[in-house]
Amino acid sequence: MSGFGPGAPFLADCPARMAVELIADKWTVVVLYGLSRGPVRHGELIELIGGISRKMLTQTLRRLEAHGLVRRHAYAEVPPRVEYELTPLGATLIDPIHMLTEWARANGDAVLDALDADPEPVAHGD
């Protein structure tokens with residue numbers, strides 16, 4: 001027995017699960033961290049992150065904006081200028097992201113060692 005009952009966190013229809021799925025996306029945490037020091041333009045964010053396509057960055061920013069974590073500000077200028085910044089809700093994720101980053105620094109070698117020791121992935125039944 002799992003111990004999970006109706007309304008438990010991380011069940012399919014639970015807001016906590018939706019939030020975890022949002023931040024578990026490959027680029028979400030990286031983009032949020034890239035915005036943690038203030039407003040940034042799209043091109044600057046591409047350079048800061050590295051390895052992300054313009055299309056993927058745009059999709060990630062739109063998803064984060066739709067979920068209330070990022071704010072897009074388009075300036076009425078020629079040429080057009082758009083900046084992205086964290087909302088107060090998005091800013092609440094920066095401390096947990098820092099904690100995960102510190103965990104990764106402290107344990108990254110152990111994770112890589114475990115992968116090297118057993119290169120065959122374990123299949124889990126769903």
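**Notebook: loop, sheet, pocket, patch**

I began at proline 79, which sits in the loop between β2 and β3. I take helices (H or I, at least four residues) and strands (E, at least two) as DSSP runs, numbered from the N terminus. The model is predicted, and local features need pLDDT of at least 70, side-chain atom pairs count only at pLDDT 80 or more, while totals for chains, interfaces and linings use all residues. Residues are numbered from 1 along each chain as its sequence is written, and side-chain values use heavy atoms, with hydrogens and water left out.

I looked at the peptide bond before proline 79. Valine 78 and proline 79 are joined by a cis peptide bond, with omega about -5°. Most peptide bonds are trans.

Next I traced the sheet. Three strands form an open sheet in the order β1-β3-β2, with antiparallel pairing. β1 (40-41) and β2 (70-75) are at the edges with a single partner strand each, so one side of each has no neighbour in the sheet. I count two strands as paired if DSSP finds at least two bridges between them. Six bridges join β2 and β3 (residues 81-86) in the antiparallel sense. Valine 70 has leucine 86 in β3 as its bridge partner.

I then went through the salt bridges (a side-chain nitrogen of Lys or Arg within 4 Å of a carboxyl oxygen of Asp or Glu). The count is five. One of them pairs arginine 71 with glutamate 85, the closest N and O atoms being 3.5 Å apart. This pair links distant parts of the chain, with arginine 71 in strand β2 and glutamate 85 in strand β3, 14 residues apart.

For pockets I used a 1 Å grid over the protein atoms alone: a pocket is an open set of points where a 1.4 Å probe fits, with protein on both sides within 12 Å along at least five of seven lines, and lining residues have an atom within 4 Å of a point. The largest pocket has a volume (the space filled by probe spheres set on the points) of about 180 Å³. Val29, Val30, Tyr33, Gly34, Ser36, Arg37, Leu48, Ile49 and His98 line this pocket. α2 (28-34) and α3 (42-49) are the elements giving two or more residues to the lining. α2 gives the largest share, four residues.

Last, I checked the surface. Trp103, Val111, Leu112 and Leu115 make a nonpolar patch (residues with over 30% relative accessible area and no salt bridge, nonpolar side chains joined within 5 Å). Together they have about 410 Å² of accessible area (Shrake-Rupley method, 1.4 Å probe). Tryptophan 103 lies in helix α6 (residues 94-117).

How values were computed. Patches are made of residues with over 30% relative accessible area and no salt bridge: like charges are joined within 9 Å, nonpolar side chains (Val, Leu, Ile, Met, Phe, Trp, Tyr) within 5 Å.
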